[in-house]
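Please open the structure in your viewer, with the sequence beside it, and follow the stops below one at a time. At each stop you will be told what to select and what to look for there.

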Amino acid sequence: MDNNKIIIFDTTLRDGEQSPGASMNTAEKLQIALQLERLGVDVMEAGFAAASPGDFDAVNQIAKQASSIRVCSLARAVERDIKAAGEALAPAKFKRIHTFIATSPIHMEYKLKMKPDEVVRRAVEAVKFAKTFCEDVEFSCEDAGRSDIVFMKEICEAVIQAGAKTINLPDTVGYRLPTELALMVSEMVKFIDGRAVLSVHNHNDLGLATANSLACILAGARQVECTINGIGERAGNAALEEIVMAIKTRKDIFAPLYTDIIAKEIYPSSRLIANITGIEPQPNKAIVGKNAFAHESGIHQDGVLKHKETYEIISAESIGLEKNSLVLGKHSGRHAFKDKLAHLGFSLDENALNTAFDKFKELADKKKEVFDDDIRALVAEEITRIPQAYEIVGLLQSSAGGLASASMSINFNDKVVSDSALGNGTADAIFKVIDRISGIGGVLKDYKVTAVSQGKDALAKVDVKVEFEGSHAVMGHGLDIDTMMASAKAYIGALNSHLRIKQL
Ligand code: KIV
Ligand code: ZN
């Protein structure tokens, strides 16, 4: 094991998916998994197999398709979870079970209602049971940031003896400062003394997740757990792109430490996750935000024109963001389109390529210039499409004097059904008519419209979150030049996801 290598453990598909509104279906997770493989992450936490049949299926599908990456499933320290993780991961070439139990006094007393001795016993049993499914087992002391270090040494010693190969110390509630975590990590590294890899997992509640992860690396941690765009529970997790680019840019501090991440895949990964989850990074987000490479003030622009490094510490190209990329239009042919896809990192089979090309042509007919972000959104929609039980055939809408109406024709089981509804605004009327036709009432929890690229004729992307039949909210995404059609597509998409989850 190379002690200078920092293992990048990506948890976008597990902790990232715990972001409010980020739930994804299996097809979407699979696309992200394949992109994470291109990005070069070492371990990918594909989900929490025991959480639901949908989560099990996603971990299992990823385990079947990943070729070079280590696929991991989270499991609480209980037999049922570990068994589900082991079974879902069975087809993986390289696999890991990640089991955890809380070790802080507050979690043990109020959440687990267990004495510390029982927590140790459960942790040891969990690791031993996980070892019956795979050799590579990671153990986490949940809420390590607020745990007593003497107790953590005791439990870590016990799980290492039971066979854990990685010990992860999460700052679960994002409470600690870099100096505090560095002290904890250096003491634990000394204690573990090379018998396991020491990992950290930092949350961003005080905006310190990246700084904390970097301090931990300098103190001896050799695995960091992180997510693309920093998505995750509450304020999110440490952002993969920030950690990786800090190590790469500040070689004067970090060398000889390194990661195996392919930096040029950072921007494509960021866009794919934003397109799929509907969670856009804030514009001023480091590395991947819309403004991360924009120079607005005259003084800065003048400096950059004279010598880039006056105001730029990283080049946009180094993370795979090409500013002067070729724009396609309605005269661009299949060949140019295929080249563009390859350039953007998509490899589609013949069928998907044909459909994507038809969609591109349709778009180029309506829109003068088709930008890279339009193509990314269009292809992401195509490759993550699940079988559509309900499909829109036609939509007619009108609005006058504050009252809106929508008439729709929808295909279901090869039968086209048409109906109309009135609503408080066009979107409301559209959602109501879909409810009427399907006979399944939905409660809209979130609705967001974004312009995919620039210009008055920009493609609209609508993201909705809907609760059908009182079950868990599902996401739906719709893309169209017409915002109302995009809204209808998003709502129908959510309905189709709901039905698919019900079938599992
Ligand atoms: O934040 C946390 O403690 C976690 C663990 C389950 C690893 O996500
Ligand atoms: Zn976490």
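## A tour from the zinc site to the last sheet

His201 is buried, and His203 is buried as well. Keep in mind throughout that you are looking at a predicted model. With these two histidines selected, add the zinc ion (ligand 2), which is coordinated by the NE2 atoms of His201 and His203 and by OD of Asp15, at 2.0 to 2.1 Å. Along the sequence the donor residues follow the spacing D-x185-H-x1-H, a pattern that you can trace in the sequence view.

**The annotated span.** Now select residues 6-267, which UniProt, in an unreviewed entry, lists as "domain: Pyruvate carboxyltransferase". This span is 45% helix and 18% strand, and the C-alpha atoms at its two ends lie 21 Å apart.

**Helix α8.** Next select residues 209-218, which make up helix α8; because eight of its ten residues are buried, this helix is largely enclosed by the rest of the structure. The buried residues are Ala209, Thr210, Asn212, Ser213, Leu214, Ala215, Cys216 and Ile217. What covers them? If you show the surroundings, you will find that the cover includes the strands β6 (166-171), β7 (197-202) and β8 (223-226), together with the helices α7 (178-192), α9 (240-249) and α10 (251-254). Following the chain past α8 brings you to Gly220, whose phi is positive, near 125°.

**Salt bridges.** How many salt bridges does a search of the whole structure find? The search finds 36, and a few of them are worth selecting in turn. Begin with Lys29 and Glu17, which form a salt bridge whose closest N and O atoms are 3.4 Å apart. The pair links distant parts of the chain, since Lys29 sits in helix α1 (residues 26-39) and Glu17 in the loop between β1 (7-10) and α1, twelve residues apart. Are these two residues buried or exposed? Both Lys29 and Glu17 are buried.

Move on to Glu242 and Lys285, where the closest N and O atoms of the salt bridge are 2.5 Å apart. This pair, too, links distant parts of the chain: Glu242 belongs to helix α9, while Lys285 lies in the loop between α11 (266-277) and α12 (298-306), and 43 residues separate them. Glu242 and Lys285 are both buried.

For a pair in another setting, select Glu317 and Lys308, whose side chains meet in a salt bridge at 3.7 Å, N to O. Glu317 counts as partly exposed because its relative accessibility is 32%, and Lys308 is partly exposed with a relative accessible area of 40%. Finally, select Arg70, Arg96, Asp136 and Glu138 together, because they are linked in a network of salt bridges.**Two buried single residues.** Select Ser104, in the loop between β4 (95-102) and α4 (105-112). Ser104 is buried, with a relative accessible area of 0%. Leaving out residues up to four places away in sequence, Ser104 touches Glu142, Asp143, Arg146 and Ser147, which you can display as sticks around it. For a sense of scale, draw a distance from Ser104 to Leu30: the two residues are 74 residues apart along the chain, and their C-alpha atoms are separated by 35 Å.

Then select Gly303, which lies in helix α12 and is buried, with a relative accessible area of 11%. Apart from neighbours within four places in sequence, Gly303 is in contact with Thr310 and Tyr311. From Gly303, draw a line to Ala473, which is 170 residues away in sequence and 49 Å away in space, C-alpha to C-alpha.

**The three-stranded sheet.** For the last stop, select the three strands that form an open sheet in the order β12-β13-β14, with antiparallel pairing. The edge strands are β12 (442-451) and β14 (474-480), each of which pairs on one side only. Neighbouring strands of this sheet are turned by 20° against each other on average, direction ignored. Look next at β13 (residues 460-468), which is joined to β14 by seven bridges, the two strands running antiparallel. Which residue of β14 is the bridge partner of Val464? The partner is Gly476. To finish, add helix α17 (residues 483-503), which lies across β12, β13 and β14 and runs at about 145° to β14.

Terms used:
Residues numbered from 1 in each chain as written. Chains lettered and ligands numbered in written order. Predicted model: local features only at pLDDT ≥ 70, side-chain atom pairs only at ≥ 80, totals over all residues. Heavy atoms only, no water. Donors = N, O, S within 2.8 Å, 3.2 Å for Na, K, Ca; no water. Buried < 20%, exposed > 50% of the residue type's maximum accessible area, 1.4 Å probe, protein only. UniProt positions renumbered as here; feature names shortened; annotations may be inferred. Helix = DSSP H or I, 4+ residues; strand = E, 2+ residues; numbered from the N terminus. Contact = heavy atoms within 4.5 Å. Salt bridge = Lys/Arg side-chain N within 4 Å of Asp/Glu carboxyl O. Pairing = 2+ DSSP bridges. Axes fitted to C-alpha atoms, helices over the stretch in contact; angles between N-to-C directions.
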